[in-house]
Amino acid sequence: MTFIKTPFGITLFLSVLCVKIPCMPHTAQQVYRHLFKSLGPQGWWPGDSPFEVMVGAVLVQNTSWKGVERAIKNLKQAKVLTARKLYALPTEELSEFIRTAGYFRIKAKRLHNLVKFFVERYRGSVAAMRKVDTQELRAQLLAVNGIGPETADSILLYAVGKPVMVVDTYTHRIFARHGWVPHGTAYHPLQAHLTGQLPIDAIVYNEFHALLVHVGHHYCSPVPRCESCPLRQMLPASGMVLDECR
Ligand code: SF4
């Protein structure tokens, strides 16, 4: 049995995940099982609190985690990484703290929109958000200017703990290159494809997304490194499916 400590101090028993998934010959489940066996638990999301995860979910839009880490460090050093303090901080000042995350003026506005929603609607309480129906909360987040499906779902899963699968560029690239979905599949059909083959479980979704990000980051880049990738045995016999539109 494998134990991991989550960022919020909850200990998870991860081998139970493999037992609770019924044996179905479906792609998403096979990929999840195979990656978990090959790479082990990923211990996501990197963050000290649910609020920090929410901030990180906005800052990581269209950029790598490295610049986000530095931006979060700046906010911590300035002692403004709380909902109330960011709510009161002018966006111009906020943008200076988050420069390293790229697109910092746009992201400062987006982050401020999210914090305003969080403070005014939920008094800055993640526990209050947790009580709301998942689809209702998702719709509320998507109504915040600058929060798209990937950011909303990252907040729902990693900050609030709701069972919502996150889909990103890596997920799309991996599934399309293996021929499991067509290239160009939109966010929600791909999300439905993944979740239709897995139990509705925040712990499984948490781990699966983190494992796919690991593969995308280390192997399935624009120039793929299939020879060392843990998913190489799952490629079609004819090889990787290319995106004909590129
Ligand atoms: S085997 Fe190749 S195409 Fe498949 S995920 Fe790995 S790098 Fe990408």
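Select α3 first: eight of its 10 residues are buried, so the helix is largely enclosed by the rest of the structure. Keep in mind that this is a predicted model.

**Stop 1: α3 and its cover**

Colour P50, V53, M54, V55, G56, A57, V58 and L59; these are the buried residues of α3. Now show what covers them. The cover includes α4 (65-77), α7 (104-122), α8 (126-130) and α10. Two of these helices deserve a look in turn.

**Stop 2: α3 against α10**

Add residues 149-160, helix α10, to the α3 selection, residues 50-59. Two packed helices are described by the angle between their axes and the distance between the axes. Here the angle is about 160 degrees, and the axes are 9 Å apart. That makes α3 roughly antiparallel to α10. The crossing of this pair is right-handed.

Which residues of α3 and α10 meet? From α3, select P50, V53, M54, A57 and V58. From α10, select T151, S154, I155, Y158, A159 and V160. Colour this contact by class: nine residues are nonpolar, two are polar and none is charged.

The spacing along a helix helps when reading such a list. An α-helix has 3.6 residues a turn, so residues three or four places apart point the same way.

**Stop 3: α3 against α7**

Swap α10 for α7. The axes of α3 and α7 come within 9 Å and cross at roughly 145 degrees. This crossing, too, is right-handed. On the α3 side, pick M54, V55, V58 and L59. On the α7 side, pick K107, R110, L111 and L114. By class, this contact has six nonpolar residues, no polar ones and two charged ones.

M54 and V58 are worth labelling. They appear in the contact with α10 and again in the contact with α7.

**Stop 4: the loop after α3**

Step on to N62, in the loop between α3 and α4. Is N62 buried or exposed? N62 has 10 other C-beta atoms within 10 Å, so it is exposed. Leaving out residues up to four places away in sequence, N62 touches G102 and Y103. Draw a distance from N62 to Y103: the C-alpha atoms are 8.7 Å apart, for residues separated by 41 positions along the chain.

**Stop 5: α11 and its partners**

Move to helix α11, residues 169-177. Its buried residues are T171, I174, F175 and R177. They pack against α12 (187-195) and α13 (202-218).

Show α11 with α13. The two pack at an angle of about 75 degrees, with axes 9 Å apart. They are therefore roughly perpendicular to each other. Y170, T171, R173 and I174 of α11 make the contact with L212, V213, V215 and G216 of α13. Five of the contact residues are nonpolar, two are polar and one is charged.

Look at the end of α11 as well. Just after the helix, G179 takes a positive phi of about 80 degrees.

**Stop 6: two loop residues**

Select T185, in the loop between α11 and α12. T185 has 18 other C-beta atoms within 10 Å, so it counts as partly exposed. Setting aside neighbours within four places in sequence, its contacts are H172, A176 and L190. From T185 to R173, 12 residues away in sequence, the C-alpha distance is 9.9 Å.

Then go to D201, in the loop between α12 and α13. How many C-beta neighbours does D201 have inside 10 Å? It has 16, so D201 is also partly exposed. Its C-alpha lies 8.0 Å from that of V164, 37 residues away along the chain.

**Stop 7: the ligand**

Select the ligand and the 14 residues around it. R177, C220, P224, C226 and C229 come nearest. R177 has been on screen already, as one of the buried residues of α11. By class, the shell has 10 nonpolar residues, one polar and three charged.

**Last stop: the whole chain**

Zoom out. The protein has 13 helices and two strands. Of its 246 residues, 29% are buried. Among contacts with a separation of 6 or more, 64% are between residues 24 or more positions apart.

How values were computed. Residues numbered from 1 in each chain as written. Predicted model: local features only at pLDDT ≥ 70, side-chain atom pairs only at ≥ 80, totals over all residues. Near = placed C-beta within 6 Å. Nonpolar A, V, L, I, M, F, W, Y, C, P; charged D, E, K, R; others polar. Buried ≥ 20, exposed ≤ 12 C-beta atoms within 10 Å, placed from the backbone. Helix = DSSP H or I, 4+ residues; strand = E, 2+ residues; numbered from the N terminus. Contact = placed C-beta atoms within 7 Å. Axes fitted to C-alpha atoms, helices over the stretch in contact; angles between N-to-C directions. Parallel < 35°, antiparallel > 145°, perpendicular 65-115°, else oblique. Left-handed = near helix turned anticlockwise from the far one by under 90°.
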